[in-house]
Amino acid sequence: MNLKIYNSLSGEKEIFKPIHENRVGMYVCGPTVYSNVHMGNVRTFMSFDFIYRALMHLGYKVRYVRNITDAGHLTDDGDVNNDRFVKQSRLEKLEPMEIVQKYTVDFHNVLKMFNNLPPNIEPTATGHIIEQIELVKVLIDKGLAYESDDSVYFDVREYDAKGLNYGELSKRNIDELFANTRDLDGQNEKKNPQDFALWKKASSEHIMKWPSPWGMGFPGWHLECTAMSTKYLGEKFDIHGGGMDLKFPHHECEIAQGKGCFGNEPVNYWMHANMLTLNGQKMSKSTGNTILPMQLISGDNDFFEKGFHPSVVRFFFMQAHYRSVVDLSNEALIASEKGFERLMEALQLIENLPTNEKSTIDISRWKNDCYDALTDDFNSPILISHLFEAVNWIFKIRDGKETILFADLQELTKLMNGFVYDVLGLQNIQQGDSGKLDQAMQILIDIRNQARKAKNFELSDQIRDKLLEEGIELKDGRDGTTFLIR
């Protein structure tokens, strides 16, 4: 079966041809760890986790690289107060690298909660300063970058003059880009407004800075990914992924840097996951239309009637194609929860289905349909529709309305488990175990409440602290005590 991937560079689905047979190099832009990961981030990383799982299921050996951006960057006005790490470190009264560690841990915990597999390599921007400096030197030597006031900028006009086509990914015309660019304060050191920073001079009060041939400074945002992707995947690799919002300018600038340094297209297939909306509107901190992963799971929010298990949320995301906009709403999650429960029930039934001397279902055709969906640009919603065809079979076989051969049942069981658990990354929620946990927790909460009434605060605190050590947080509120599993 031929795997087809939608390539953002060509705007078409293309037959996937890896550079090295049966091996895939894939780089995905990771988080900037200055705050908690939000649900939009989760959707993007979950999409590429599914793609990573699918590639491995299809028999590819994958080297999956996803970076951590842990170096601050300034906006075009050059104001140190606009460095997100500096702003957050002042707000929380922590060193910038303490901010990095705090939110990197949060990022890992959240993705683990949603059953994302870790990448093979997770490099950090601050761990690759030397590589970034070397790339800047190459671009200067090739006449594609210039020094100005101890900073270094990429020369977009010169790049385009060499016929290298700045704007090829985002399909933007360079003359229109220049015509529509607004002059900003602090840009007088650039030759052109569209030139982007490769290395920025650091002011005396800037905290995160490193020595370079151009003085103390820090790397440009776009440069980091070029340095890290090419170090671990080579000057040309198979797949580069990220959110749709990164297509311009970030990925456009990565292409320019890669072609400028190495003389070839750095990536064969550019893949972009689409955005997540909340109740039909763009998610935004400024408007309050946003939700964090733990708020969605615990139910501690104003948007949803209850909390939802991470695997239910993952199933909800998998029901949409990674290139489609997904709208998060109470009604959609309730519907997904019902579908998820029916899927899990079917997978529990499949182990004990009766077999017959003949089959009334066509396993071979169904298997081909599933793989056709998977290889058609990783079409998870179509794959899920075929899985639910099998779910209906399972219930009908149980009720004696369909029959299945023993060999076909073995094949169906293997494929269903493979697609649901290995490819989609769902986890089975044992309802009975969940109920027992709720009962046990209620007993502990009652004992703690009795201890507090008796002013036995030592026992009360001990119960709270021991549970917290095991990842269970007690939350006291007006309506009583609830618990949250982290």
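## A greasy spot on the outside

Which helix gives the most to the nonpolar patch? In this predicted model, that's helix α15, spanning residues 431-453, which chips in three residues. The patch sits on the surface and is formed by Ile-443, Leu-444, Ile-447 and Leu-459, with about 300 Å² of accessible area together.

Take Leu-444, which has its place in helix α15. With a relative accessible area of 31%, Leu-444 comes out as partly exposed, because that category runs between 20% and 50%.

## The annotated binding site

Now for the "binding site". An unreviewed UniProt entry puts that annotation on Cys-29, Cys-225, His-250 and Glu-254. These residues are spread over 226 residues of sequence, yet they cluster in space, with a largest C-alpha distance of 11.1 Å.

## Cys-225 up close

Cys-225 is part of helix α7, which covers residues 221-233. Its relative accessibility is just 2%, so Cys-225 counts as buried. Leaving aside residues up to four places away in sequence, Cys-225 touches Tyr-27, Cys-29, Asn-67, His-250 and Glu-254.

## Glu-254 and its company

Glu-254 belongs to helix α8, residues 247-262. This one is buried too: Glu-254 has 4% relative accessibility, under the 20% cut-off.

Again skipping residues up to four places away in sequence, Glu-254 touches Cys-29, His-222, Cys-225, Thr-226, His-240, Pro-266 and Trp-270. With one of these, His-240, the contact is also polar: the side chains of Glu-254 and His-240 pair up at 2.9 Å.

Methods. Residues numbered from 1 in each chain as written. Predicted model: local features only at pLDDT ≥ 70, side-chain atom pairs only at ≥ 80, totals over all residues. Heavy atoms only, no water. UniProt positions renumbered as here; feature names shortened; annotations may be inferred. Helix = DSSP H or I, 4+ residues; strand = E, 2+ residues; numbered from the N terminus. Buried < 20%, exposed > 50% of the residue type's maximum accessible area, 1.4 Å probe, protein only. Contact = heavy atoms within 4.5 Å. Polar contact = N/O pair within 3.5 Å; in protein donor to acceptor, adjacent residues only side chain to side chain. Patch = residues over 30% accessible without salt bridge, like charges linked within 9 Å, V, L, I, M, F, W, Y side chains within 5 Å. Areas by Shrake-Rupley, 256 points an atom, 1.4 Å probe, with all protein chains shown as cover. Salt bridge = Lys/Arg side-chain N within 4 Å of Asp/Glu carboxyl O.
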